Amino acid sequence: MNDAQQPAAAFWQRPAGPRTLADRARAADRTRAALADRAPDRLTLLAPDPHGRFAAVDLDGGFALDSVLDDGYGACTYLYAWTVERGTVAAPELQRYYDAYGDLVLHPDPATLTPQPGEDGSWYVVCDAAWPDGSPVDVAPRTALRTQLTAAEERGIVPSVGLEHEVTFYRADGTPLTGHGIDYALGGTEALAPLLRDVRATLREAALGVESARAECHPGQYEIVLRHRDALAACDDAMIQQTLVRQTAARHSVQASYLAAEGPGQGSSCHVHLSLNSLAGDNLGADGTDPRRPSRLLGSFLAGVLRAAADLTPLWAPTTNSYVRLRTGDFAPTRVRWGADDRTAAVRLVGSGPSLRLECRFPGADAQPHLVVAALLAAGLSGIEDDLPAPPAGETLDHLATTPWQALERFSTSKLPARLLGEEFVAHYAALFASELDAWCEAVTDWHRRRGALRS
């Protein structure tokens, strides 16, 4: 589909701003009906896994319309417990996912329908996961987020979320596409131009609702931001965007990397902009007397996020590479504090009046977005439940762990993560994080060899 053929408002395009779960369900009905009218050739089921990527299954379009949209489709249980290399983990907490390697059921969410650019008649659809008896897979990232959205709506709160992911582009020889930092630059980005032109066209064809794009501060680094939207759509679409960016980069013989730290002193983030809204869509964040001061509700939510931030570090920083960002990055958010329009703070209060929101700067680009937003909502809602007052701006309350072992210890032993996310969730993700550390300890890298040579 070329630019002239692209509709101004594609039926699958997600609206900006907050949207209740009920409104999403109604949108799903409309998009499903519209898809049936188009008689798709292929439907690709996407299941967000614990490592911030999709597991996928391609289906014939007619078969998918006839039965899968209603009944779901089977997928191996280990999708939600495998390692990043798709291996198994010897942990009792994960055993039910490996025992007999049976099937879960993936249920497509038609509200997520997205055309596959350059593939006429082919569509992506993101799925929820259930056990064969119909009960949800509680540790599945999308289920965890749905759980927190339901809890928020029970309090009359509907979040709106915008995610900012940074990506670094590399040539086939491993060198970044620019030889120096290009923060806000126009000149010096010429090597990126052909790739970015195709990225823009691809994202436009998918109608993902891009808000802005700019060069970033490290060599080869760039940022593409989607408009804010309901939390599920924000996380699903951010992952679809990453998929499309990687695919487009590969066509140019370029690698698109979402490592948290491409090198010491460098950081790639997943900043989360989050606002609280009423069921009717009105912003609940601003104080009635000062459009730049948080309301009591948003202040309590902020206090809850800050209280839980250090305990939840493995969700913001899920790989060993994450801790290079936290230890060496210039803007690493290791001190748990907030500030008004302060990019050195872990949580930045930004906007005013109806746009007042939190920018949570903990997560790295390698974090799983559904888990990140679920954790932020769980933490913030606990602050509202406990009627916590907002702490003074600039006051350091805690510190994120700067080694993965410290992070695992706090996540596993503190009582707060289990209160917020459930004991099964904590045990599950602690086991996955421990397997990441085990794999790192069992690897031999160029760094080891270089250090060994210095001993000779």
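## Arg-86 and its loop

In this predicted model, the loop that joins β3 (73-76) to α3 (95-98) holds Arg-86. Its backbone is worth a look: the phi of Arg-86 is positive, at about 65 degrees, even though the residue is not a glycine. Most residues other than glycine have a negative phi. As for solvent, Arg-86 has a relative accessible area of 41%, so it counts as partly exposed.

## Asp-387, another positive phi

Moving along the chain, Asp-387 sits in the loop between α10 (369-385) and β19 (398-399). Here too a residue that is not a glycine has a positive phi, about 55 degrees for Asp-387. With a relative accessible area of 46%, Asp-387 is partly exposed.

## The fold as a whole

Stepping back, the protein contains 14 helices and 19 strands. Its radius of gyration is 22 Å, close to the 23 Å from the globule rule for 456 residues, so the protein is as compact as a globular protein of that length. Along the principal axes, the C-alpha atoms fill a box of roughly 60 × 60 × 55 Å.

Of the contacts with a separation of 6 or more, 73% link residues 24 or more positions apart. Buried residues account for 55% of the 456 in the protein.

## Surface and charge

If you are thinking about solvent, the accessible surface comes to about 19200 Å², and carbon and sulfur atoms contribute 50% of that. The protein carries 42 positive and 58 negative charges, and the mean positions of these two sets lie 6 Å apart.

Notes:
Residues are numbered from 1 along each chain as its sequence is written. This is a predicted model: local features need pLDDT of at least 70, side-chain atom pairs count only at pLDDT 80 or more; totals for chains, interfaces and linings use all residues. Side-chain values use heavy atoms; hydrogens and water are left out. Helices (H or I, at least four residues) and strands (E, at least two) are DSSP runs, numbered from the N terminus. Buried means under 20% relative accessible area, exposed over 50%, partly exposed in between (1.4 Å probe, protein chains only). The radius of gyration is taken over C-alpha atoms; the globule rule is 2.2 Å times the number of residues to the power 0.38. Contact means heavy atoms within 4.5 Å. Accessible areas come from the Shrake-Rupley method with a 1.4 Å probe; for residues, only the protein chains shown count as cover. Lys and Arg count as positive and Asp and Glu as negative; His and the chain ends are not counted. The place of a charge is taken as NZ of Lys, CZ of Arg, CG of Asp or CD of Glu.
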